[in-house]
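Trainee: I am new to this structure and should like to go through it with you. May I put some questions on its pockets, helix packing and backbone?

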Amino acid sequence: MRVKNIIFDLDGTLIDSSDGVVAAVNYSLRQMGQPERTADDIKPFIGYSLRLMYPSFTDVPYEELHRHFQTKAAETVVSSTVVLPGVEDTLRDLAARGYRLAIASTKIKRHIQGIIDKFNWKDLISAYAGGDEVTHVKPHPEILLLTLKRLSANPDETVVVGDTINDIEAARMVPMTSVAVNSPYGGTERLLKSKPDFFVESIADVPGILNRLQKEAI
């Protein structure tokens, strides 16, 4: 079947909100009397569940840390977010070609909506789902299935684009075709070991992959 839909991860794939995330993580640690961590400590966890990150830094109860994180993140995450190189042109090119675009992210729904509003992507993004809308975040496929439902889309007609093994493993479990994008947060070797269907250095290379898939479908 020909590809009609593309589901993107957000952090590290379309945008960089690391400054806001680092600020929120360190705020939560300070509030609980814990030492701050460097940006290099925190960035490799971006795109993963906070439940995975915090035990690497402290044994303070997660629920308290998460509450403080969300308090600060409401101020810092959207305001600090920048679009990654090549993303704006690529999204508009894909939309002009008739692809329906969606976002499935571990970020909470409110932050996704704030980012869409900030960059005027309302006309580009047909559907989105956030980590606070599912019971299990990626690598569980639940968020991809929810996004497919909101798109009224068939998995066979949909490609997942992301920068972490969580994106690739979640796509495989649906199953859907996966495109891994080299992440600004590192972890390329681990990403390649997850065996995505395709790997690209830049989001600008995604249209070329789609052209190849469309030719193969003819």
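The questions and answers below concern pockets, helix packing and backbone features of this predicted model.

Trainee: Which element gives the most residues to the lining of the largest pocket?

Mentor: The largest pocket holds about 520 Å³ of space and is lined by 26 residues, with Y48, S49, L50, Q70 and T106 nearest its centre. Two elements, helix 3 (50-53) and helix 4 (62-80), give two or more residues to that lining. The largest contribution, five residues, comes from helix 4.

Trainee: How many residues in the lining of the largest pocket are nonpolar?

Mentor: The lining can be divided by class. It has nine polar residues and four charged ones. The number of nonpolar residues in the lining of the largest pocket is 13.

Trainee: Which elements give two or more residues to the lining of the second largest pocket?

Mentor: The second largest pocket has a volume of about 270 Å³. Its lining has 15 residues, and P44, Y48, G186, G187 and R190 are those that lie nearest its centre. The elements that give two or more residues to this lining are helix 8 (165-173) and helix 9 (188-193).

Trainee: How many residues in the lining of the second largest pocket are charged?

Mentor: The lining of the second largest pocket includes eight nonpolar residues. Five of its residues are polar. The number of charged residues is two.

Trainee: Are helix 1 and helix 4 roughly parallel or roughly antiparallel to each other?

Mentor: Helix 1 (residues 18-31) packs against helix 4 with the axes 7 Å apart and at an angle of about 155°. Angles over 145 degrees count as roughly antiparallel. Helix 1 and helix 4 are therefore roughly antiparallel.

Trainee: In the contact of helix 1 with helix 4, how many residues are nonpolar?

Mentor: Helix 1 passes helix 4 in a right-handed crossing. Among the residues in contact are V21, V25 and L29 of helix 1 and L65, F69 and V77 of helix 4. By class, the contact of helix 1 with helix 4 has seven polar and two charged residues, and its nonpolar residues number 10.

Trainee: How is helix 4 placed with respect to helix 6, roughly parallel or roughly antiparallel?

Mentor: The axes of helix 4 and helix 6 (residues 109-118) come within 9 Å and cross at roughly 25°. Angles under 35 degrees count as roughly parallel. For that reason, helix 4 and helix 6 are roughly parallel.

Trainee: Which residues of helix 6 make the contact with helix 4?

Mentor: The crossing of helix 4 and helix 6 is right-handed. On the side of helix 4, the contact is made by Q70, A73, A74, V77, V78, S79 and S80. On the side of helix 6, the residues are R110, H111, G114, I115 and K118.

Trainee: Where is P139, which is joined to K138 by a cis peptide bond?

Mentor: The peptide bond between K138 and P139 is cis, with omega about 20°. P139 lies in the loop between strand 5 (125-129) and helix 7 (142-151).

Trainee: Where is P175, which follows V174 through a cis peptide bond?

Mentor: Omega is near 0° for the peptide bond from V174 to P175, which is cis. The place of P175 is the loop between helix 8 and strand 7 (177-181).

Trainee: What is the value of phi at N120?

Mentor: N120 belongs to the loop between helix 6 and strand 5. N120 is a residue other than glycine with a positive phi, near 55°.

Notes. Residues are numbered from 1 along each chain as its sequence is written. This is a predicted model: local features need pLDDT of at least 70, side-chain atom pairs count only at pLDDT 80 or more; totals for chains, interfaces and linings use all residues. Side-chain values use heavy atoms; hydrogens and water are left out. On a 1 Å grid over the protein atoms alone, a cavity is a set of points where a 1.4 Å probe fits but cannot get out, and a pocket is an open set with protein on both sides within 12 Å along at least five of seven lines; lining residues have an atom within 4 Å of a point. Grid points are joined across faces, edges and corners, and a volume is the space filled by probe spheres set on the points. Helices (H or I, at least four residues) and strands (E, at least two) are DSSP runs, numbered from the N terminus. Ala, Val, Leu, Ile, Met, Phe, Trp, Tyr, Cys and Pro count as nonpolar, Asp, Glu, Lys and Arg as charged, and the others, Gly among them, as polar. Axes are lines fitted to C-alpha atoms, for helices over the stretch in contact, and angles run from 0 to 180 degrees between N-to-C directions. Angles under 35 degrees count as roughly parallel, over 145 as roughly antiparallel, 65 to 115 as roughly perpendicular and the rest as oblique. A crossing is left-handed if the near helix is turned anticlockwise from the far one by less than a right angle, and right-handed if clockwise. Contact means heavy atoms within 4.5 Å.
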